[in-house]
Amino acid sequence: MKFSGLRVYAIGYLIFLYAPILLLPLFAFNDSKVIAFPLSGFTTSWFSQMWADDNLWNALKNSVIVSSSVAVLSTAFGVFAARATTRYAFPGKGGILGLIMLPLVLPEMIVAMSLLIVLLAIGFPLSIFTIILGHVLICTPFAVAILSSAFQSLDKSLEEAAYDLGETPFSTFRLIIFPLVMPGIISSLLISFTISLDEFIIAFFLGGNETTLSVYIFGQFRFPAKVPSIMALGTILVCLSIALLATAEYFRRRGIAKAGGKDTGGFL
Amino acid sequence: MAKSTKVGRFRDTEAASGLALISPTALYAILLLAAPLATIIIYSLLTDGELTIIRDFTFANYIETWTNRIYRSIMFRSLSVSIAVTILTVLLAYPVAYFVSFHVAPDKKSLWLFLITIPFWTSYLIRVFLWKVILGYNGVINSGLMSVGVIDEPLTAISYNVQAFVVTLAHAYAPFAILPIFVALEKIDRSLLEAGQDLGESKFRTFLRVTLPLSIPGVAAAVLIVFIPTIGDYVTPNLIGGGKIPMIANVIEKLMLKGDNKPLGSAIAVSAMIVVTLVSLLFLFLIRKYLRATK
């Protein structure tokens with residue numbers, strides 16, 4: 001009895017979670033400029049309108065540059081921090097790590113504004129480079145969290161064995177440690193990329209005149225006539241991300257099955 | 001320095017390698033996070049001039065933040081919205097996390113978690129906008145209820161207001177609440193529950209006395225992870241409220257940019273951080289007290 005009640009609740013909750021996404025394709029194919037019911041007819045013109053917008057392609061290009069740079073940089077910073085904190089004891093560890101992880105619990109608006117004030121004060125020009133600076137700051141904590149658990153599960157004796165067999169610290173890292181933490185590095189890259197791609201506040205305030213995909217979408221919402229083509233864009237993005245996630249999930253599960261580990265969900 | 005003994009030298013190199021290794025990340029955080037945060041704290045104590053900042057030390061910005069009725073009520077609104085969102089999100093999420101952890105077959109668990117997380121990989125902005133479509137005057141709910149004949153004119157209680165913010169944000173932060181609670185529930189040793197029932201407790205009392213206290217660390221993590229960022233939400237008031245019902249992030253933006261009163265904007269930002277920290281600490285204190293009481 002309790003079992004079925006909970007199941008009904010959980011399914012209802014899933015419907016709540018999916019409600020907005022299920023509406024996307026409805027409005028993307030709806031032949032009306034107004035995003036409301038009742039639906040009036042089928043059209044694909046919003047897709048062609050979206051496709052023809054040069055600003056979209058420019059924003060997409062910027063987003064890909066920003067998100068890939070952020071993924072690589074925050075994962076690199078994450079590797080340094082995760083390796084240092086899991087392998088070595090050093091003074092001030094808690095404080096330093098606390099500062100690095102701080103953006104996790106800081107409203108993004110405050111991160112964006114404090115950074116913007118300093119950039120304006122020193123006269124640094126705003127561009128996609130400054131978006132990257134801000135995004136690395138908020139993605140690094142996620143990278144550190146993911147990579148710390150990867151580095152934590154390393155067996156220290158493997159490393160010692162490599163030293164005993166005459167490897168240098170660098171070659172040990174390259175030949176032993178790096179391959180073992182590879183799944184962690186890949187998921188850190190993917191998560192940082194996704195967070196950066198979706199991030200809006202920092203991109204909006206630190207980008208100057210440059211727009212990323214999220215800033216472009218926000219701008220389009222101001223013009224009611226542009227909203228249906230954003231629904232079309234959203235539909236494509238949802239399909240892409242489901243395909244991407246399903247692939248990532250497939251590889252993640254295969255990796256876990258190979259390592260004989262227990263599946264805990266992967267996100268966060 | 002302390003390199004006289006072998007142990008001293010070893011310690012020195014261990015600490016040194018650790019510090020050297022973490023230094024790139026640490027330097028980045030110091031330059032781009034600690035320094036800017038220190039800057040807004042200093043700004044908040046200076047005086048605003050025409051297009052510049054006068055280097056006169058003052059508490060006037062804080063006094064303005066806490067005595068000006070507008071700022072005080074916006075601060076209060078932001079705080080109440082975050083608290084409401086946090087309570088709603090965690091209460092709605094707990095049964096789902098419990099269901100997935102206790103009633104879903106082990107091989108199906110990751111499928112459920114996958115289903116729960118998918119909606120959150122789609123654009124945050126588009127999701128917020130769609131809630132406006134669902135809850136708006138001629139939105140899904142209103143037009144649905146009107147066509148069925150339950151209501152004659154659109155319900156305004158759910159459109160473009162604070163209640164709509166709460167629903168939208170509760171949706172946006174759902175996985176952040178479900179996942180920590182799920183992880184905490186998964187860690188519970190199932191034999192404890194059997195022991196509880198063997199000792200004559202009912203299922204419900206076992207839940208209250210064993211499962212719930214053991215899952216509290218997850219609930220606490222969920223609460224903080226939802227509460228802290230929602231107070232600084234900028235997008236929801238902007239898209240759903242049309243900018244007419246500002247929250248604290250919108251005020252900070254306005255003062256920092258268009259209003260060009262960076263000291264006051266900084267003081268409000270710092271005050272918001274202090275409020276969030278105090279509420280979080282109070283919450284952690286209460287949780288610790290509760291956990292001690294159940295032991």
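A residue counts as buried here if 20 or more other C-beta atoms lie within 10 Å of its own. Keep that in mind as we walk through this predicted model.

**Stop 1: chain B**

Select chain B and colour it by itself. How much of chain B is made up of buried residues? Of its 295 residues, 42% are buried. Now switch to a cartoon view, where you can pick out 13 helices and two strands in chain B. Turn the chain around a bit: along its principal axes, the C-alpha trace spans about 80 × 65 × 35 Å. The radius of gyration of chain B is 25 Å, while a compact globule of 295 residues would come in near 19 Å. Contacts are worth a look too. Take those in chain B between residues at least 6 apart in sequence, and 69% of them join residues at least 24 apart.

**Stop 2: chain A**

Hide chain B for a moment and select chain A. What will the cartoon show, helices or strands? Chain A has 11 helices and zero strands, so to speak an α after α after α pattern when you read along the sequence. Its C-alpha atoms fill a box of roughly 75 × 65 × 35 Å along the principal axes. As for burial, 42% of the 268 residues of chain A count as buried. Among contacts in chain A between residues at least 6 apart in sequence, 74% join residues at least 24 apart.

**Stop 3: helices H6 and H8 of chain A**

Select residues 128-152 of chain A, which form helix H6, and then residues 169-198 of chain A, which form helix H8. H6(A) and H8(A) pack at an angle of about 155°, with their axes 9 Å apart. Angles over 145 degrees count as roughly antiparallel, and H6(A) and H8(A) are therefore roughly antiparallel to each other. The crossing of these two helices is right-handed. To see the contact, show side chains: on H6(A), try A:His135, A:Phe142 and A:Phe151, among others, and on H8(A), include A:Val181, A:Pro183 and A:Ile195. Sorted by class, the residues of this contact are 12 nonpolar, six polar and no charged.

**Stop 4: helix H7 meets H8**

Keep H8(A) on screen and add residues 156-164 of chain A, helix H7. The angle between H7(A) and H8(A) is about 140°, and their axes are 10 Å apart. That makes H7(A) oblique to H8(A). Their crossing is right-handed. Which residues meet here? A:Leu158, A:Glu159, A:Ala162 and A:Tyr163 come from H7(A), and A:Thr172, A:Leu175, A:Ile176 and A:Ile177 from H8(A). By class, you have six nonpolar, one polar and one charged residues in this contact.

**Stop 5: where the chains touch**

Bring chain B back. How many residues does each chain put into the contact? Chain B gives 72 residues and chain A gives 68. Select residues 6-43 of chain B, helix H1: with 21 residues, H1 supplies the largest share of chain B's side. That side of chain B has 53 nonpolar, 14 polar and five charged residues.

**Last stop: A:Val118**

Zoom in on A:Val118, which you'll find in helix H5 of chain A, residues 108-121. Is A:Val118 buried, exposed or partly exposed? There are 18 other C-beta atoms within 10 Å, so A:Val118 is partly exposed. Leaving out residues up to four places away in sequence, A:Val118 touches B:Ala35, B:Pro36 and B:Thr39.

Terms used: Residues are numbered from 1 along each chain as its sequence is written. Chains are lettered from A and ligands numbered from 1 in the order in which they are written. This is a predicted model: local features need pLDDT of at least 70, side-chain atom pairs count only at pLDDT 80 or more; totals for chains, interfaces and linings use all residues. Two residues are in contact if their C-beta atoms, placed from the backbone, lie within 7 Å. Helices (H or I, at least four residues) and strands (E, at least two) are DSSP runs, numbered from the N terminus. Ala, Val, Leu, Ile, Met, Phe, Trp, Tyr, Cys and Pro count as nonpolar, Asp, Glu, Lys and Arg as charged, and the others, Gly among them, as polar. Axes are lines fitted to C-alpha atoms, for helices over the stretch in contact, and angles run from 0 to 180 degrees between N-to-C directions. Angles under 35 degrees count as roughly parallel, over 145 as roughly antiparallel, 65 to 115 as roughly perpendicular and the rest as oblique. A crossing is left-handed if the near helix is turned anticlockwise from the far one by less than a right angle, and right-handed if clockwise. A residue is buried if 20 or more other C-beta atoms lie within 10 Å of its own, exposed if 12 or fewer, and partly exposed in between; C-beta atoms are placed from the backbone. The radius of gyration is taken over C-alpha atoms; the globule rule is 2.2 Å times the number of residues to the power 0.38.
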